[in-house]
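Student: I have a model to go through, and I want reasons rather than labels. Can we take the terms one at a time?

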Number of protein chains: 2
Amino acid sequence: MKTIITEMFNIEHPIIQGGMHYVGFAEMAAAVSNAGGLGIITGLTQRSPADLANEIARCKDMTTKPFGVNLTFLPTVNAPDYPGYVKAIIEGGIKVVETAGRNPAEVLPYLKDAGIHVIHKCTSVRHALKAQSIGCDAVSVDGFECGGHPGEDDIPNMILLPRAADELEIPFVSSGGMADGRSLVASLAMGAQGMNMGTRFIATKEAPVHDNVKQAILQASELDTRLVMRPLRNTERVLNNKAVERILEKEQALGKDIQFEDIIEEVAGVYPKIMSEGTMDAGAWSCGMVAGLINDIPSCQELIDRIMQEADDIIQQRLGGMLNA
Amino acid sequence: MKTIITEMFNIEHPIIQGGMHYVGFAEMAAAVSNAGGLGIITGLTQRSPADLANEIARCKDMTTKPFGVNLTFLPTVNAPDYPGYVKAIIEGGIKVVETAGRNPAEVLPYLKDAGIHVIHKCTSVRHALKAQSIGCDAVSVDGFECGGHPGEDDIPNMILLPRAADELEIPFVSSGGMADGRSLVASLAMGAQGMNMGTRFIATKEAPVHDNVKQAILQASELDTRLVMRPLRNTERVLNNKAVERILEKEQALGKDIQFEDIIEEVAGVYPKIMSEGTMDAGAWSCGMVAGLINDIPSCQELIDRIMQEADDIIQQRLGGMLNA
């Protein structure tokens, strides 16, 4: 399949693995890229620019195909060394950067000068238009369904994708709720040029996380996610568990007086441990509603091949058949 | 286009006009059916079974094509004369009934014996499976995006439609967030056999509502709806206005002590007046997020023709082109 996104990113299939903290290591990105999609290394999961440079080099040892790096701009007291990370990305020969969080305007000129394509993750049409106006090449349109940070507007992709198509001139991919060939064809029909998957890629053979994480996704239904940190206007969709129930009770009890410090350990502090050691109830961890559509742990190659075959069948046989009946 | 739903309901296009209180009069249903979709008269908008019988007769004067009747089972102290309405439906020769709200098991045998196809509106997979198990012929799967009552699960159609496809044996149509050919093709790709539109049909020339209602839909963006009655677990998505702000403040202030009686006048009492007189700020009225995708007031024929042409173009040119490039 050929779309504006496959051409822009020089990939075989219009499928991107979204940046995921403590999941997007070299093993994950290389597996997706080797399967013809675009793998993404999560920049800030690496503790320093030197570590990121090393991770990029490791990934290059595992694939000759293009892969990208995610760089997330979050409101933090002690900002990471963003110029250092950008330098590691440029010197590593990376050609695609996924930005997320705050507006990436500050780093954009450096990336563009290095011939890097920038795709910015947005949860609203107004943010997508802003990304377009500052010179991003594409956006990833992230619906209310998504794992992680859906923003505060609560607009699902069934509305957000056609709205983005009506307003944007740059190409976009769908993100949030994406699982299979059905998601891909639906996204393309609503104006996207490809799709971004997060949670679905965690439940693959190559995802470098503890098996308990994968099993938790398999066992979850679409009803099993919760939104935490809404009172802080930093909403995150996570899989429900005992820690999440504690966090929600604390949010309820403290009301408007809640501070990030009150819950930071359970929403962020234990995250690396959950992913690597599989201590699932130790805290909150991002998971999309799409968990309800995930029932197996294929290799990335098997997953992407299956999606593309299903998309082909839906377009030619199902939709074509309805038209020509 | 031919699908299981067009065959089951004997209609030309897989597009259904959902039941809408004080909108689904004979004029609305006839216009949709004459355009090749399935128009629906809202049963309980008629004050008595005799009034419904008269409305069905009026609709038959306006169209020779099939149309249906919506029958909603809501928790009410003084239940309407459901047996009487069912009798009017059967004697009126109606062949499709859209049920909504509570489980329609009590009336189902009478409808089925009369050769009527029943499509039940559901906001969850478990309710859809229940509808299937009691003998409904089809379901209308209503996502979080929808105007009116989305239930309490908050699952959007990007997740709910493929989940329904994975679980159901009976056919289903998508509902909530549906506006155009993009919505239709996306729905069909995710497993639906057609789509149900509500808000989109209010913004048509023939919709028998005050022009202020249509203009309010045109002016609204996807960000302009709100959820009222959530504390009562009878959530309704409505267009935001001054009355809605008052209702939400009252819900916040009363918390768990709120009673339906505290807000009934503004969420239901003035509804007929709003629709017929266009007193838009007098109370809350149902409107889907899809308002953000509605920018004109075509005739039903123009709207449906445009949707089908757009769907054809998306399937053959856009999706077919991506595959064969």
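Tutor: Start with helix H6 (residues 125-134) of chain A in this predicted model. Strand S5 (117-122), strand S6 (138-142), H7 and strand S7 (172-175) of chain A are among what covers its buried residues.

Student: Which residues of H6(A) are buried?

Tutor: A:Val125, A:Ala128 and A:Ala131.

Student: What puts them on the same side of H6(A)?

Tutor: Their arc. They cover only 120° around the axis, so they share one side of H6(A). Just after H6(A), A:Gly135 takes a positive phi of about 110°.

Student: Now chain B. Which residues of helix H4 (residues 82-91) are buried?

Tutor: B:Tyr85, B:Val86, B:Ala88 and B:Ile89.

Student: Why are these said to be on the same side of H4(B)?

Tutor: The arc again. It spans only 160° around the axis, and therefore they lie on the same side of H4(B). B:Pro83 and B:Glu91, on the other side, are exposed.

Student: What do the buried residues of H4(B) pack against?

Tutor: Helix H3 (49-62), strand S3 (67-73), strand S4 (96-101) and helix H5 (108-113) of chain B. Just after H4(B), B:Gly93 has a positive phi of about 75°.

Student: Take B:Ser183. How do you know whether B:Ser183 is buried or exposed?

Tutor: Count C-beta atoms. B:Ser183 has 30 others within 10 Å. The cut-off for buried is 20 or more, so B:Ser183 is buried. B:Ser183 sits in helix H8 (residues 181-189) of chain B.

Student: Which residues does B:Ser183 contact, leaving aside its neighbours within four places in sequence?

Tutor: B:Gly177, B:Met178 and B:Met195. As for B:Lys2, that residue is 181 residues from B:Ser183 in sequence and 17 Å away in space, C-alpha to C-alpha.

Student: How does H8(B) pack with helix H14 (residues 300-324) of chain B?

Tutor: At an angle of about 55°, with the axes 8 Å apart.

Student: Why is H8(B) called oblique to H14(B)?

Tutor: Set about 55° against the classes. Roughly parallel needs an angle under 35 degrees, and roughly perpendicular runs from 65 to 115. The angle falls between those classes, so H8(B) is oblique to H14(B). The crossing is right-handed.

Student: Which residues make that contact?

Tutor: H8(B) gives B:Gly181, B:Arg182, B:Leu184 and B:Val185. H14(B) gives B:Ile307, B:Glu310, B:Ala311, B:Ile314 and B:Ile315. By class there are six nonpolar, one polar and two charged.

Student: And between the chains, how many residues are in contact?

Tutor: 36 residues of chain A with 36 of chain B. On the chain A side, the elements giving two or more residues are helix H7 (157-167), helix H8 (181-189) and helix H14 (300-324). H14(A) gives the most, with seven residues. The class split on this side is 22 nonpolar, seven polar and seven charged.

Student: Which numbers describe the packing of H14(A) and H8(B)?

Tutor: An angle of about 115° and a distance of 10 Å between the axes. This crossing is right-handed.

Student: Which residues meet there?

Tutor: A:Ile314, A:Leu319 and A:Met322 in H14(A) meet B:Val185, B:Leu188 and B:Ala189 in H8(B).

Student: How do the residues of that contact divide by class?

Tutor: Six nonpolar, no polar and no charged.

Key. Residues are numbered from 1 along each chain as its sequence is written. Chains are lettered from A and ligands numbered from 1 in the order in which they are written. This is a predicted model: local features need pLDDT of at least 70, side-chain atom pairs count only at pLDDT 80 or more; totals for chains, interfaces and linings use all residues. Two residues are in contact if their C-beta atoms, placed from the backbone, lie within 7 Å. Helices (H or I, at least four residues) and strands (E, at least two) are DSSP runs, numbered from the N terminus. Ala, Val, Leu, Ile, Met, Phe, Trp, Tyr, Cys and Pro count as nonpolar, Asp, Glu, Lys and Arg as charged, and the others, Gly among them, as polar. A residue is buried if 20 or more other C-beta atoms lie within 10 Å of its own, exposed if 12 or fewer, and partly exposed in between; C-beta atoms are placed from the backbone. Axes are lines fitted to C-alpha atoms, for helices over the stretch in contact, and angles run from 0 to 180 degrees between N-to-C directions. Angles under 35 degrees count as roughly parallel, over 145 as roughly antiparallel, 65 to 115 as roughly perpendicular and the rest as oblique. A crossing is left-handed if the near helix is turned anticlockwise from the far one by less than a right angle, and right-handed if clockwise. The arc is that of the directions from the helix axis to the C-beta atoms.
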